[in-house]
Amino acid sequence: MQALTPHVYWAQRHGEIYLRVEISDAQNLSIGVEENILHFKGQGHGAKGENEYEFSLEFLKLVKPEVKHKSTQRQVNITVKKPEHVWWDRLTKQEKKPLFLAPDFDRWLDESDAEMELREKEEKINKVSIESRVRKDPFLGLKKGFLFMYNLVQFLGYSWIFVNMTVRLFILGQDSFYDTFHTIADVMYFCQMLAIMEVINPAVGLVKTGVMPAFIQVMGRNFILFVIFGTLEDMQNKPVVFFVFYLWSIIEIFRYPFYMLACIDTEWKLLTWLRYTIWIPLYPLGVLAEAVALIQSIPIFDETKLLSIPLPKAIGMSLSFSYILQLYLVIMFLGLFINFRHLFKQRSRRFRTKKRKAN
């Protein structure tokens, strides 16, 4: 039986050489390195059918003599160690590439990608090493359970709001705009009071997020809900209440289940994409709806003098609350910029990490 040359594919990392020999059901394998030359010999089904195959490769630089190989039904995988972590310009000592040798594009990385992969492996090893030395939190399960239940309650609350408003919209049409507050307010009060936990949780270390973005969002919404809608009966029948509540609920019915699954180390790709994408149009629209509510409330506060700040009698007037609202409008759009920047960073970091893991 005449020995033939198989197809061989190669790739490298800084510390290893990978070879894939296209021989299926290989038998009687003889693989070794002598004087920096890899010798391969074996029987199996290759490009020329069932036959005996062999080849030799003289490496560009020194390699360790130990060779690891694994035979599968489709191929033979060979791993050769480099004595030093260096990147080779090519595989063989001879400049002209052998005809049977080709790059293994399934494992191929350029030098910069390989360096990134190496750094990630080192970071992972260091992380495992640090975690093994750090004492495990005995209350971790209790903390995750609390966060899971919190997110579940919020998800159910906002789901009820969203479904209720959607059904009423289909049944009543535009008439549903005018009594949204009287129908939804109690549940919205509950959800937004409970949302104060989103400021407390990062403050006490239950979650690893910033306190300030959560504070801006929660307190901003509560200001609209309790001060603008809650204290002014004339605002409670305006259509803007519907749009504010509806936009809030759409964002939250995707955000809270995402956090719920994170508590049990589970991820749904579609939900992750929605959580980090749907807010891009909805969050500015929500702030715009809140700004409309503020603007509509200014003449009411001026007329009723509600929440106005009395000044000394010598002046003979009071400071209208509308001035505070005008200042708050400016602060609101500043908060939009801060939160938008924070959320975009979160989104970019999330999808960059997923892309690296996929590669």
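**Exercise 1. What is the handedness of the crossing of H3 and H5, left-handed or right-handed?**

Solution. The structure is a predicted model, in which local features need pLDDT of at least 70, side-chain atom pairs count only at pLDDT 80 or more, and totals for chains, interfaces and linings use all residues. Residues are numbered from 1 along each chain as its sequence is written, and side-chain values use heavy atoms, with hydrogens and water left out.

Step 1. Helices (H or I, at least four residues) and strands (E, at least two) are DSSP runs, numbered from the N terminus. The chain contains 10 helices and 11 strands.

Step 2. The axes of H3 and H5 cross at roughly 145 degrees and come within 11 Å. Such axes are lines fitted to C-alpha atoms, for helices over the stretch in contact, and angles run from 0 to 180 degrees between N-to-C directions.

Step 3. The crossing of H3 and H5 is left-handed; in such a crossing the near helix is turned anticlockwise from the far one by less than a right angle, and in a right-handed one clockwise.

Step 4. Contact means heavy atoms within 4.5 Å. Phe181, Met188, Tyr189, Gln192 and Met193 of H3 meet residues of H5 that include Val218, Leu225 and Phe229. The residues of this contact divide into 8 nonpolar, 3 polar and 1 charged. Here Ala, Val, Leu, Ile, Met, Phe, Trp, Tyr, Cys and Pro count as nonpolar, Asp, Glu, Lys and Arg as charged, and the others, Gly among them, as polar.

**Exercise 2. State which helix gives the most to the largest nonpolar core.**

Solution.

Step 1. A nonpolar core is a set of buried Ala, Val, Leu, Ile, Met, Phe, Trp, Tyr and Cys residues joined through side-chain atoms within 4.5 Å. Buried means under 20% relative accessible area, exposed over 50%, and partly exposed in between (1.4 Å probe, protein chains only).

Step 2. The largest such core has 52 residues, and those with the most contacts inside it are Phe223, Ile228, Phe229, Phe245 and Leu294.

Step 3. Two or more residues come from each of helices H2 (140-172), H3 (180-194), H5 (211-231), H7 (240-263), H9 (279-304) and H10 (321-358). H7 gives the most, with 12 residues.

Step 4. Apart from this core lies another, of 22 residues, among them Trp10, Leu38, Leu57 and Val76.

**Exercise 3. Describe how H7 packs with H9.**

Solution.

Step 1. The two helices pack at an angle of about 155 degrees, with axes 9 Å apart. H7 is therefore roughly antiparallel to H9, a term for angles over 145 degrees.

Step 2. H7 passes H9 in a left-handed crossing.

Step 3. On the H7 side the contact includes Val240, Leu247 and Trp248, and on the H9 side it includes Leu282, Gly286 and Glu290. Its residues divide into 12 nonpolar, 2 polar and 1 charged.

**Exercise 4. Compare the settings of Asn36 and Asp265.**

Solution.

Step 1. Most residues other than glycine have a negative phi. Asn36, although not a glycine, has a positive phi of about 65 degrees, and Asp265, also not a glycine, has a positive phi of about 55 degrees.

Step 2. Asn36 is found in the loop between strand E4 (24-34) and strand E5 (37-46). Asp265 lies in the loop between H7 and helix H8 (269-277).

Step 3. Asn36 is buried, with a relative accessible area of 14%, whereas Asp265 is exposed, at 64%.

Key:
Angles under 35 degrees count as roughly parallel, over 145 as roughly antiparallel, 65 to 115 as roughly perpendicular and the rest as oblique.
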